[in-house]
Amino acid sequence: MRQEYDIANPRQCSVARMQASLDAADWHRNLEFIEGVKAEIRAHPVASNPMIGLLNRGAFGLQALQQIHLEYRHAIVQTFTDALLVAQLETRQLEPRLKPGSKMAARTLLTLNCLDEFGFQKPSSAGYRADPICAHYPLYEQVMEDLKITPQMRRDYVPSDIAQATRGLWRKVSGVL
């Protein structure tokens, strides 16, 4: 029997298909897990770090802003889309325990995130609208230029131990970065 589809609402449709691929107890257990992760994030010190308020109030000079942005670039920006792509690949682990094709709902959700990261705009009648320069990573590099961080400064930057450890987490989890 052919299934109905709804291409106008990919996020909602994907979540519904993911829910349909699990029994109610597994879905509920996964929701509890997600709520637990969200609670941990909300309770983490970084969520209420006074640095955020200081950044928003413009309390840092150029040199401090450069350092902050170089750290974040190394720890997160350069590898985030790589991690998303690895997550897409790893959805293959769903199929041995769920029905064939079940990984596609998770991949669709991750794809929506990737499209945003890669700078895609909502499709037009002419098709997809995108330019790689609109991807988040190149936009971040533009911020670096606005902060007068030269390519040489980027190449020479030695990240802190914590930035290296954060980047190392991506490598550890993915095994490929």
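Which residues make up the largest nonpolar core? In this predicted model, the core has seven residues: Leu-70, Val-77, Tyr-140, Met-144, Leu-147, Ile-149 and Tyr-157. The legends below begin with this core and then turn to other sites.

**Figure 1. The largest nonpolar core, with residues from helices α4 and α7.**
The view shows the seven core residues, among them Leu-70, Met-144 and Tyr-157. Helix α4 and helix α7 (136-146) each supply at least two residues of this core. In soluble globular proteins, nonpolar side chains tend to be buried together. Leu-70, a member of the core, touches Met-144, Ile-149, Arg-154 and Tyr-157 when residues up to four places away in sequence are not counted. Of these partners, Met-144, Ile-149 and Tyr-157 also belong to the core.

**Figure 2. Val-77 in helix α4.**
Helix α4 covers residues 62-77, and Val-77 lies in it. Is Val-77 buried or exposed? Its relative accessible area is 12%, and the cut-off for buried is under 20%, so Val-77 counts as buried. With neighbours within four places in sequence left aside, Val-77 is in contact with residues including Tyr-137 and Tyr-140. Tyr-140 and Val-77 are both listed in the largest nonpolar core. A separation is also given for Val-77 and Lys-122: these residues are 45 apart along the chain, and their C-alpha atoms are separated by 23 Å.

**Figure 3. His-69, a buried residue of helix α4.**
His-69 has its place in helix α4. Its relative accessibility is 18%, so His-69 counts as buried. Which residues does His-69 touch, not counting residues up to four places away in sequence? They are Tyr-140, Val-143, Met-144, Leu-147 and Ile-149. Among these, Tyr-140, Met-144, Leu-147 and Ile-149 are residues of the largest nonpolar core. A polar atom of the His-69 side chain lies 2.9 Å from the backbone oxygen of Leu-65. His-69 and Ser-160 are 91 residues apart in sequence, while their C-alpha atoms are 12 Å apart in space.

**Figure 4. Arg-167, buried and without a salt bridge.**
Arg-167 is found in helix α9, which spans residues 161-174. How far away is the nearest side chain of opposite charge? That side chain belongs to Asp-82 and is 6.5 Å away. A salt bridge needs a distance within 4 Å, and Arg-167 has none. The Arg-167 side chain does make a polar contact, at 2.5 Å, with the side chain of Gln-78. Gln-78 also appears among the residues that Arg-167 touches, together with His-74, Ala-75 and Thr-79, when residues up to four places away in sequence are not counted.

**Figure 5. A salt bridge between Arg-73 and Glu-141.**
The whole structure holds six salt bridges, and the one in this view joins the side chains of Arg-73 and Glu-141 at 2.6 Å, N to O. The pair links distant parts of the chain: Arg-73 is in helix α4 and Glu-141 is in helix α7, 68 residues apart. Are the two partners buried or exposed? Arg-73 is buried, with a relative accessible area of 13%, and Glu-141 is also buried at 13% relative accessibility.

**Figure 6. Salt bridges at Arg-29 and at Glu-90.**
The side chains of Arg-29 and Asp-26 meet in a salt bridge of 2.6 Å, N to O. Both residues lie in helix α2 (residues 24-43), where they are three residues apart, about one turn of the helix. Arg-29 is partly exposed, with a relative accessible area of 48%. The other pair is Glu-90 and Arg-92, whose side chains meet at 3.2 Å, N to O. Glu-90 is partly exposed at 27% relative accessibility, and Arg-92 is partly exposed with a relative accessible area of 42%. Elsewhere, salt bridges that share partners join Arg-73, Glu-141 and Arg-154 into one network.

**Figure 7. Cys-114 and Cys-134, two cysteines in no disulfide.**
A disulfide is a covalent bond between the sulfur atoms of two cysteines. How many disulfides does the count give? The count comes to zero. For Cys-114, the nearest cysteine sulfur is that of Cys-134, 16 Å away, whereas a disulfide needs sulfur atoms within 2.5 Å. Cys-114 is buried, with a relative accessible area of 3%. Cys-134 counts as partly exposed, at 34% relative accessibility.

Key. Residues are numbered from 1 along each chain as its sequence is written. This is a predicted model: local features need pLDDT of at least 70, side-chain atom pairs count only at pLDDT 80 or more; totals for chains, interfaces and linings use all residues. Side-chain values use heavy atoms; hydrogens and water are left out. Helices (H or I, at least four residues) and strands (E, at least two) are DSSP runs, numbered from the N terminus. Buried means under 20% relative accessible area, exposed over 50%, partly exposed in between (1.4 Å probe, protein chains only). Contact means heavy atoms within 4.5 Å. A nonpolar core is a set of buried Ala, Val, Leu, Ile, Met, Phe, Trp, Tyr and Cys residues joined through side-chain atoms within 4.5 Å. Lys and Arg count as positive and Asp and Glu as negative; His and the chain ends are not counted. A polar contact is a pair of N or O atoms within 3.5 Å; within protein, one must be able to donate a hydrogen and the other to accept it, and residues adjacent in sequence count only if both atoms are side-chain atoms.
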